[in-house]
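Please walk me through this protein model, beginning with the chain as a whole and then moving to individual helices, loops and side chains.

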Amino acid sequence: MNMNGSPLNHGAAGVWAACILAAGTAGLAILYILAFIRSRRRGRSWPPHRLILWLSGASAAIVGILASSPAQAHAGFVAHMVSHLLFGMLAPLLMALARPVTLLLRALDVTHARKLASLLKMPPLRFVTHPAVAGILNIGGLWLLYATDVFGKMHANPFGYLSVHGHLFIAGYVFSSAILGNEPNPHPSSHIFRALILILALAGHSILSKYVYAHPPAGVPASEAEAGAMLMYYGGDAVEALLIFFFCRTWYVAVRPRPRLPQVKG
């Protein structure tokens, strides 16, 4: 049975699962707006372009959800791959560029900001936000999805749909944030190390797209798998080019020479 005939795509439970994801994404957009307003009221400026990045990321995520929503009876593997690119790659990158953790620290009062800073230093969070671990969770999760029977099982029940899509988004966000290194980080890594992890992740994504082309997931027609794999390859390259650009930009800003202040002769 292909994904068009899966129980989830024709069931009310699947529609509710997609609605939960869309509502959660909209909620994140509202929370960022509230933090933006609170930060401004506390006299702590925050660049408006980051608000635009966050809202753009949330919009891309919602469009990605709708692209392969279970309500769309005609949705196939190509539509699913559009969802992967928007919901699992582009949206997390744009939202990572918006630096939500830094904004939240600015919006909170001192007591709550210190509690959040302490939370970020907890061992589980330190572990999953390490660039190498984030890369494994991100690319490894995709391999698990498409190279095993997880893809077919994902469409068998709403919990599977929510779990897989939730992982795709969170793993994509954590990976983008870890590579960019633009948020408070309890274990800062060198740019060279992060560049190496990025190269390995890009290679893993590229190889996976070729694997999907040659070995369609269970229940996916070969023609759909080929079209979806090509979209994954070239569309993924476009999003990855954006990540490379912003990573190189942060690297340049971190190492560029600072102008020397004129010395006053006394």
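Of the 266 residues in the protein chain, 43% count as buried, where buried means under 20% relative accessible area, exposed means over 50%, and partly exposed lies in between, with a 1.4 Å probe and protein chains only. The model is predicted, and local features therefore need a pLDDT of at least 70, side-chain atom pairs count only at pLDDT 80 or more, and totals for chains, interfaces and linings use all residues. Residues are numbered from 1 along each chain as its sequence is written, and side-chain values use heavy atoms, with hydrogens and water left out.

The secondary structure of the protein chain comes to twelve helices and zero strands, both being DSSP runs numbered from the N terminus, with helices (H or I) of at least four residues and strands (E) of at least two. Contacts, meaning heavy atoms within 4.5 Å, can be sorted by distance along the chain: among those with a separation of 6 or more, 78% are between residues 24 or more positions apart. The protein chain exposes about 13,800 Å², of which carbon and sulfur atoms supply 70%; accessible areas come from the Shrake-Rupley method with a 1.4 Å probe, and for residues only the protein chains shown count as cover.

Turning to the interior, the largest nonpolar core has 60 residues, and Y146 and F175 touch the most other members. Such a core is a set of buried Ala, Val, Leu, Ile, Met, Phe, Trp, Tyr and Cys residues joined through side-chain atoms within 4.5 Å. Helix 4 (residues 77-97) gives this core its largest share, twelve residues. If neighbours within four places in sequence are left aside, the contacts of Y146 include F77, H80, M81 and H84, as well as F151, L208 and M232.

F175 also appears among the contacts of N138, which touches A171, G172 and F175 when residues up to four places away in sequence are not counted. N138 is found in helix 8 (residues 131-147) and counts as buried, at 12% relative accessibility. Helix 10 (residues 158-180) has 23 residues and reaches 33 Å from its first C-alpha to its last, close to the 33 Å expected at 1.5 Å a residue, a span taken as 1.5 Å times one less than the number of residues. Just after helix 10, G181 takes a positive phi of about 60 degrees.

A positive phi is also found at R99, a residue other than glycine, with a value near 55 degrees. R99 is found in the loop between helix 4 and helix 5 (100-107), and it is partly exposed at 23% relative accessibility. Another loop, between helix 7 (123-128) and helix 8, holds H130, whose C-alpha atom is separated by 9.0 Å from that of N185, 55 residues away along the chain.

On the surface, L28, I30, L31, I33, L34 and I37 make a nonpolar patch of about 500 Å². Patches are made of residues with over 30% relative accessible area and no salt bridge, like charges being joined within 9 Å and nonpolar side chains (Val, Leu, Ile, Met, Phe, Trp, Tyr) within 5 Å. I33 is in helix 2 (residues 12-41) and is partly exposed, with a relative accessible area of 31%.

A salt bridge is a side-chain nitrogen of Lys or Arg within 4 Å of a carboxyl oxygen of Asp or Glu, and by this rule the count comes to one. D149 forms a salt bridge with K153, the closest N and O atoms being 3.3 Å apart; D149 is partly exposed at 42% relative accessible area, whereas K153 is exposed at 53%.
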